[in-house]
Structures are given as C-alpha cells and as structure tokens.
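User: Could you take me through the structure I am about to open? I am new to this.
Analyst: Certainly; please put it on the screen.

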Amino acid sequence: MSTRRRNGAATSETGGRQRQRWLPWAFLAPTILGMGLFTLVPIVASVVLAFFRWDIISAPSFVGFDNFAEVVQDPTVRVSFLNTILFVVVAVALQLGLALALAIMVQEKLPAWLRVFFRSAFFFPLILSAASVSIFMRYLFNEQFGVVNWLLSFVGVPAVPWLTTPAGSAAVVILVYVWQNFGFSFLLFIGGLASIPTETYEAASIDGATGWRKHLHVTLPLLSPTTLVASVMAIINALQVFDQPYVLTRGGPGDATRTAVMVIFESAFQRLEFGQASAIGVILTLIIMAITAAQFRLSKRFVFYQ
Amino acid sequence: MAGRIVLLLIASVFILGPVLWTLSTSLRPPAESFQLPPSFLPLNPDFSSYDQVFKQLNIMLLVLNSALVTGLIAVGQMFTAALAGYAFANLKFRGRGALFSIVLATMMVPAQVTIVPVFMLIRGIGLSDTLLALILPAIPTAFGTFLMRQYFLGLPSDLGEAAAIDGASPWRTFRSVYAPLAMPGMAIVGILAFNYHWNEFFRPLILTISEQNFTLPLGLVSLQGNLGTGSISVVLAGVILSMIPALVVFMFGQRALRDGLTAGTGK
C-alpha cells in the first residue's frame, strides 16, 4: 500500500518525495516537542535531581546517594511506603473481587434495561472527581452525624470513630477509593466475559458443571488475560493514590494514611527538599516498574490464552 | 435470577446512595444538614445553600477556569493526537517503531514523579500560577496518540491511495479524507480528556497559588477547609454544581467514554 502511494506522489509532482521525508515530522512535532519538554526532560531531570540537595533558593549541590540514604531511613517515608503497599494489597483485592463478582452477575441472563441500569450505576463514580467524592464521604463517615454510623446502629454496632483513629481512617480511605474505582475493573471484566464463547459454557454444563463450579473451571481460566490487565492497571493506579487521603485525612491521624505520593508532595512543596522528593519519586517509579515486570512474568504461569 | 437482582440492587444502592444523599442534603435548609434519618426525597427543596455557594465562593470564576483549562486541553489533545496518530499509522519514516515505543513508555511513569521538574520548568518559562501552566503540559498525550493510531489503522487504506492517485498531497489527504473520518476517535480523546482534567486535583494543587486561578475541585476543597464542618449544605451544593458538566458529558458520551477507558486493554 505504502509503496504504491509513494510512487503516486512522486510522479504527480517533482519534489513530492522530498516533501514526504519531513512531512511525518510535521505531523509529530506538537506531540514530540511537548512530550520531550514536559515528560522526557522531567524524567531525566528528576533522576539527576535525586542526587542533589536543592531548596530552589540556594545553588544545588551534589550529594551522591545521600538523599536516597536519608529517605530510606526517614520513619515517615518508611511508614508511608508501608501504608501504600498495604493500601494497594487491600484496595486492589477488594476492587477486583467486587468488580468480578458484579460483572458475572450482570453478564448472566438479565432484562436489557436492568443490565444498562446496573452498568451505568457501577460506572457512575468514575466520572466524579476524587476530591468531591472525598468531600461528601467525609460527612457520611462523621462519627456523630454520619449516615454510615446511623445505618450501623441498626445492626447494633456502636458509633465507629472512623476519621479519628488510625485503623478507621485507613478503612475509610480504602472504602472510598474502592467505591470510586471498582467500576473501571468492572468494565474490563464485562468486556472479557463478553468474549467467552457461550458454547464453552454449554460444553461445561453437559459435563455436569453448575453454578460456582462452572465459574471456577470455565470463567476464571478464560478470564485470566483480562484479570492480568485489570490487576496491572489497578495496582499502578493504587500505588499513586493521593487525592482521597489528602482530602479525607491529610495523611493522619499521625502518619496512618500518609501515602508515597503524599510524602513526595510534602517534601517538595512544603519543606522545599526537591532532591529528596525526587529520590522518593525515583524509588516509587522503580517499585512500579518491578511490580509490573513481576506480574507479567508470573502471568506466564497463570494466564491461559484460548 | 431474583436473588442475583437483589444483590445487584443492593450494590447499586451503595453506589448511588451517597450521591443521592449529597443531592438531598444540598437541598435542605443548612440547619438540617445533619438530620437523621436522612431524607432522600427533599419534598420542599430549599435552594438557599446554592445561593450561599455563589456568595461565599466565586463559583462562576472557578467554573470558567475549569471550563477554559479542560476545554483547551481537550481540543489541544484531539488535534495533536490525531496528527501524531495519523503519522504513526499511515506515514512511513525511519525510527517509527522506536519512537512509538518511547511514546507508549511515557504512560508508565506516574505524573507525580515528574511534578518537581515540571514545576521548575513552569517557573523557568515564567508561567507559574497561570492557567497556561495547567494547560500546556497536559496537551501532548501518549494515550490519545495510541488511541488515534489504533483508530487510523482501522480505517480502510485504499481511501488514501485513491486520494494520492488523484494527486492530493499527503497533508491534503489527511485533512480532507482521514481527519473527517476520524472524528469519532477524536471525540473519544476529547471526552476522556474532559473527564480526567475536569476532575484533576493534584496538578492544580501544585501549579496554582492564587485563588483566582483555582479550578473547581481545588476551590471546593478550600471552601470545605474554610467552613470546617459548619454548614455542609453549602459545600455539598458546590459539589453537586461541579458534577453537572461531568453528568452531561456522561449522558452524551457514555459509550465513547467506556470504549476509551477500556481501549487497548486487549478485551
């Protein structure tokens, strides 16, 4: 196709070939220049900056691996990374489990209008801003006046101090995050389920598989490529959580809900330690890359392609 | 089936309930903000909280800022992604594969990691605390470029050949043949950009300083901070107002949004 078109252009006018050589670059210029300036240069700069001490006011000074050594020993940084990992494990497990269960339930025989309703309902929180969601959730989880404790009182649970205790705050941040984000995994699973041929289920039921056994032996293996994509995306997103803990708890009480991105923000823009902030960022990026690579490696053993 | 529907209904109550509570509380007199049991159907809606939002918060300015930032990013992304996507899909040039891999790789690096150098760059070019500081860095889009490349690959290639045989230049072929056909793809890029940047909190928190440059999410969080837990109806009225544009886009672009969010995930 391309050779024929190039011949056509070359014969139509002299210099056509010449023009075609720079033409792709004209199409790419805005994206490549913008990405170079605002993404690639900053990536390199933040790695370089991680080896300097700099407060923006005085001149930067080279400190080797000092920033890394300091942030690794900083108890707040340590706690925030542990919090982030704990958050990722619990939030992602809840998000994927809920999304998968609801996707299977929606995908089985249902009146069309109900399916549309459920799909829209589960998708809905994705269009809201995490900041406004966190604002109204703060009121719902209020210890005295919140609707959550009011509802719990009906099943005999005494008022839970959600936002004033470390465990309560961590639970709220996770619940609010999962509430808003499970719809994304849900959509992925809906797509994955739709691609499983119905004959597979028919064959399974002829073999006597019913109910949850059918899902265990047919749905889960056939859905494993989707599950891989969904878990990679969910983990990458969860590792970067910021808006919810910032608005809900400001990282407190104590450091209970401080996350990795929150300490990047605080060390750079509150304490003006740009080198240390960059070092934390580099560590976070390395963790994300390592986890993603590990997932793809593991997936070779657990993902089945049809 | 009945049991399954009941479970699904319970799940949707948990999802929609908090939003309905927000709506109904914003329509109650501020004194009844914390009333329990909560009324989910405000029979006598009271709009005083909405008046208060306009008095206490320069919400028109926030909406204008958000609309300007989001709109320019969306339009900018649509055009730059269409151009780049077309080049990657339909034009042959040296280093195409490598360059495309680099573009894809930038999606892996979290924005928070590069925020310090971006902040310094913005200061360096004299844009700090302006709306342009939010707009310019957000226009080049790796995901949009990827999406548009896929879209152009899906269009029949003989259209371009026919145009070339008729003597149309490659630019002319793009502008008159391919760009109009790619409108649905560009719409997905635009709607996704709207959804993401209308709700964005992290970058505006860092890149804007004065309240006159705040966007909606930032303004609402600062309003909540100013009021403490006092009159929550006012805060919630602001939250509801901020949802309206997102809801409109959701209603008109639901399918495009869904396709865009799940694009390239190998479903």
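User: How much area is buried between chain B and chain A?
Analyst: This is a predicted model, in which local features need pLDDT of at least 70, side-chain atom pairs count only at pLDDT 80 or more, and totals for chains, interfaces and linings use all residues. Side-chain values use heavy atoms, without hydrogens and water. About 8400 Å² is buried between the two chains, and carbon and sulfur atoms give 80% of that area. Buried area is the accessible area (1.4 Å probe) that two parts lose on being put together, summed over both.

User: Which three residues supply the most on the chain B side?
Analyst: Arg4(B), Leu8(B) and Ile15(B) supply 8% of the area that chain B buries against chain A, more than any other three residues.

User: And which helix gives the largest share of that side?
Analyst: Helix α1 of chain B (residues 2-26) does, with 14 residues. A helix here is a DSSP run (H or I, at least four residues), numbered from the N terminus.

User: How many salt bridges are there between the chains?
Analyst: The count is zero. A salt bridge would be a side-chain nitrogen of Lys or Arg within 4 Å of a carboxyl oxygen of Asp or Glu.

User: New topic: what does Phe136(A) contact?
Analyst: Leaving aside neighbours within four places in sequence, the contacts (heavy atoms within 4.5 Å) of Phe136(A) include Trp179(A), Pro18(B), Trp21(B) and Met243(B).

Note on methods. Residues numbered from 1 in each chain as written. Chains lettered and ligands numbered in written order. Helix = DSSP H or I, 4+ residues; strand = E, 2+ residues; numbered from the N terminus.
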